[in-house]
Amino acid sequence: MIPLAKPVLGQREEELVLEVLRSGRLSLGPMLARFEEAFAEWLGVPKASAVSSGTAGLHLAVRAAGIEAGDEVVTTPFSFVSSANCIVYERAKPVFCDIDPRTLDIDPGAAAAAVSERTTGLLPVHIFGYPADVPALERIAAERGLWVVEDACEALGARHADGKAVGARGNQAVFAFYANKQITTGEGGIVVSEHKARIDSERNQGRAADMGWLDHDRLGFNYRLSDLACALGVAQLERAGDLLAARAHVAAMYGQALAELEGIELPCPDQGGDRRGWFVYVIQLPRGADRDATIEALRERGVDSKPYLPAIHLMSFYRERFGHREGEFPVAEDVAARSIALPFFPQMTEGEVARVAEALEQVVYASSRS
Ligand SMILES: *Cc1c(COP(=O)(O)O)cnc(C)c1O
């Protein structure tokens, strides 16, 4: 079976994890600052706060932005659920708007139209690593006095047309390090924010840096990232350039192998100077194709795949809590109904890519004939 994702872990990861194990400092030790500093330097930002997951990072970022109960935050329905959940955690309301059919990121025109008197923030997601049009959202935010928090959890290595790295524009931005991401700490995330002191405190039960262990000056959480995880992060960052290049190479092989498959839409190529940081390889099946049957048939041929991503507003919780239903965001719903993620990881060989392409061809042509 060719799996969907597979981390690259080697001697350097073992070495640094072992260093932490032998030091006995498993949390809040020196590896935490080492990872944060290395990440900030890699991205080109002044500082960063490592946290236990991307979701935890998003939660702390919207809190640091000043989110309050009853606020509306305009965001995309075509994302992993945590970019909307982090708003709901604070009893605020995610207000969805439709996406751009090429990039699959939030459509700035639709976002502007969704802004109301109650809107206090915008939360774009760089989906599948393709840069969202944050410059356009920044103009809307400046006009309407809104904050911007970027979900960059899928976008390590992406770059905007103006040359800035995704996540390094000065907005708060969050990256994630689950095992399928571009770099991994097993579980983990990092927040790029000017509010580092507040975020560092809230990830650690609301303790200020100069306070004793059991004094708390604000409400906090346990969103700490262990030093073992940070050790993985330091090792992975050292090879981030290679990992990203390898992903881009696999994407290019897919592009060639799938070019002749009629009716299948491939991830959009970079355009206008924006550059994708390759995270997943997601294709859209022809309209009317049976996606579940396609996934099952691929599995029978030794190829793992999955629907990716379902639209957030149509999930049971969001339907029940906010009254959403089909038809609200036609582009997002169409894409969500047709997209599947194919196996995609740095060490994928040309032979494996060819096997996936061949299986897909057999399956899609067979179902279109039947
Ligand atoms: C991975 C991811 C997250 C964070 O996920 P965690 O599992 O909490 O680290 C958030 N948003 C998007 C779009 C993601 O892909």
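**The ligand site and the spaces around it**

In this predicted model, 14 residues surround the ligand, and the closest of them are Gly54, Thr55, Asp151, Glu154 and Lys181. Sorted by character, this shell comes out as five nonpolar, six polar and three charged residues. Helix 3, which runs over residues 54-65, gives the most to the shell, with three residues.

Three polar contacts show how the ligand meets some of these neighbours. Glu154 takes part through its side chain: one of its N or O atoms is 2.6 Å from an oxygen atom of the ligand. Asp151 also uses its side chain, with an N or O atom 2.7 Å from a nitrogen atom of the ligand. Gly54 takes part through its backbone instead, where a polar atom is 2.8 Å from an oxygen atom of the ligand. As for cover, the ligand on its own has 380 Å² of accessible area, and the protein covers 92% of that.

Where does the ligand sit? Its place is in the largest pocket. About 390 Å³ of space lies in this pocket. Its lining is made up of 26 residues, and those closest to the centre are Phe80, Ser82, Tyr178, Lys181 and Tyr308. Two elements, helix 3 and strand 9 (306-307), each give two or more residues to this lining. So much for position; by character, the lining of the largest pocket holds 14 nonpolar residues, seven polar ones and five charged ones. Helix 3 thus turns up both here and in the shell around the ligand. Lys181 does too, being among the residues closest to the ligand and among those closest to the centre of the pocket.

Besides the pocket, there is enclosed space to look at. How many cavities of 30 Å³ or more does the count give? The count comes to one. The largest cavity has a volume of about 80 Å³. It is lined by 14 residues, and Lys6, Pro7, Val8, Lys181 and Arg247 are the closest to its centre. That makes another appearance for Lys181, which is also listed among the closest residues to the pocket centre. The cavity lining splits into seven nonpolar, four polar and three charged residues.

Two spots in the backbone round off the picture. Tyr308, one of the residues closest to the centre of the largest pocket, is joined to Leu309 by a cis peptide bond, with omega at about 0°. Leu309 itself is found in the loop that runs between strand 9 and helix 11 (316-322). The other spot is Phe128, which is not a glycine and yet has a positive phi, at about 55°. Phe128 also lies in a loop, this one between strand 4 (119-123) and helix 6 (134-144).

Definitions and conventions. Residues are numbered from 1 along each chain as its sequence is written. This is a predicted model: local features need pLDDT of at least 70, side-chain atom pairs count only at pLDDT 80 or more; totals for chains, interfaces and linings use all residues. Side-chain values use heavy atoms; hydrogens and water are left out. A residue is near a molecule or strand if one of its heavy atoms lies within 4 Å of it. A polar contact is a pair of N or O atoms within 3.5 Å; within protein, one must be able to donate a hydrogen and the other to accept it, and residues adjacent in sequence count only if both atoms are side-chain atoms. Accessible areas come from the Shrake-Rupley method with a 1.4 Å probe; for residues, only the protein chains shown count as cover. On a 1 Å grid over the protein atoms alone, a cavity is a set of points where a 1.4 Å probe fits but cannot get out, and a pocket is an open set with protein on both sides within 12 Å along at least five of seven lines; lining residues have an atom within 4 Å of a point. A molecule sits in a cavity or pocket if more than half of its atoms lie within 2 Å of its grid points. Helices (H or I, at least four residues) and strands (E, at least two) are DSSP runs, numbered from the N terminus. Ala, Val, Leu, Ile, Met, Phe, Trp, Tyr, Cys and Pro count as nonpolar, Asp, Glu, Lys and Arg as charged, and the others, Gly among them, as polar. Grid points are joined across faces, edges and corners, and a volume is the space filled by probe spheres set on the points.
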